[in-house]
Amino acid sequence: MKKLIKFVNDKYFGDDKDDIIWLIEKVVFNDPTKNCIIKGKKREWNGLPKNKSLFYSPPNCGLPIGNLTSQIFANFYMNEFDHYMKSTLKLKNYGRYVDDFIVVHNDKEFLLELKNITKDFLREKLDLTIHPNKTTIQNYSKGVGFLGAFIKPNRIYVGRRTKGNFWQTINKQNELIKTRKPSIDDKKIFQSSMNSYLGYMKHYNSFNLKHKLILNNLNDDWFEFFWVETDLLKFQKRKKRRYSRL
């Protein structure tokens, strides 16, 4: 925290510097365990590892997922790195989202050298370390994983983690409907969960994947309560209890 504030004082000279520092302090030192609003049922937390919950973290350790810290650190703290990559190194095919970045270049030796250059810059200028096992250099034809997706020439596929999570979600819903008739809450959870994945996957080349996971693996009993749009974009509630897959 002190390093971040020192960085702002040393590198930023805008009239709103005091406001930025105040905002950083408010966001970073906010304790979400004391003023959070818990929705849903507490029993759904059963089995959650303690190291995955801020309620069991030591004081001043851990950051809430989805809070403003990500935006502040990404858009302000990493700004110098973006300018270095685009203005100093003149990289035309560079992109970054929060702490993930990608560079496309036609010279493999340059990319190998760039790996060390960026590593040194981040360590010396921003006191950041690149994960030693999460850097990949490969031919564009083999594709590259970025932001939960797998990018190949002229097409983008859903990443393996998302596919695996969706598969687990479907299996969970299948087990539920095998053991009991879904309650109103069960149906709400089913619809919101399934549509969350479908809404995400519509941005990728994923029709065949959705067809396989939903139409071939989802328990038929769910189609007594829902129907899925022909383009597999959304689950809708049935107004009449009439059985049909589509």
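## A first look at this predicted model

A nonpolar patch of about 500 Å² lies on the surface, made by Ile38, Trp45, Leu48, Phe55 and Tyr56. Please keep in mind as you explore that this is a predicted model. Below, you will meet this patch again, then helix H7, and finally a few loop residues.

**The patch and its loop**

- Ile38, one of the patch residues, sits in the loop that runs between helix H3 (32-35) and helix H4 (69-77).
- Ile38 has a relative accessibility of 42%, so this residue counts as partly exposed.
- Gly62 also has its place in the loop between H3 and H4.
- With a relative accessibility of 54%, Gly62 passes the 50% cut-off and therefore counts as exposed.
- Although Gly62 and Asp31 are 31 residues apart along the chain, their C-alpha atoms are separated by 9.7 Å.

**Helix H7 and its two faces**

- Helix H7 covers residues 160-179, which makes 20 residues.
- At 1.5 Å a residue, H7 should span 28 Å, and its end C-alpha atoms are 29 Å apart, which agrees.
- The buried residues of H7 are Thr162, Phe166, Thr169, Ile170, Gln173, Asn174, Leu176 and Ile177.
- These buried residues cover an arc of only 160 degrees around the axis, which means that they lie on the same side of H7.
- In an α-helix there are 3.6 residues a turn, so residues three or four places apart point the same way.
- Among the elements that cover the buried residues of H7 are strand E5 (155-158), helix H8 (184-201) and helix H9 (207-215).
- Turned away from the buried side is a face that carries the exposed residues Arg160, Arg161, Gln168, Lys172, Lys178 and Thr179.

**Two loop residues with a positive phi**

- Val98 is not a glycine, yet its phi is positive, at about 55 degrees.
- You can find Val98 in the loop between strand E1 (94-97) and strand E2 (100-103).
- The relative accessibility of Val98 is 29%, so Val98 counts as partly exposed.
- Leu232, a residue other than glycine, also has a positive phi, near 60 degrees.
- Leu232 belongs to the loop between strand E6 (226-228) and strand E7 (235-237).
- At 1% relative accessibility, Leu232 falls under the 20% cut-off and therefore counts as buried.

Conventions
Residues are numbered from 1 along each chain as its sequence is written. This is a predicted model: local features need pLDDT of at least 70, side-chain atom pairs count only at pLDDT 80 or more; totals for chains, interfaces and linings use all residues. Side-chain values use heavy atoms; hydrogens and water are left out. Patches are made of residues with over 30% relative accessible area and no salt bridge: like charges are joined within 9 Å, nonpolar side chains (Val, Leu, Ile, Met, Phe, Trp, Tyr) within 5 Å. Accessible areas come from the Shrake-Rupley method with a 1.4 Å probe; for residues, only the protein chains shown count as cover. A salt bridge is a side-chain nitrogen of Lys or Arg within 4 Å of a carboxyl oxygen of Asp or Glu. Helices (H or I, at least four residues) and strands (E, at least two) are DSSP runs, numbered from the N terminus. Buried means under 20% relative accessible area, exposed over 50%, partly exposed in between (1.4 Å probe, protein chains only). The expected span of a helix is 1.5 Å times one less than its number of residues. The arc is that of the directions from the helix axis to the C-beta atoms. Contact means heavy atoms within 4.5 Å.
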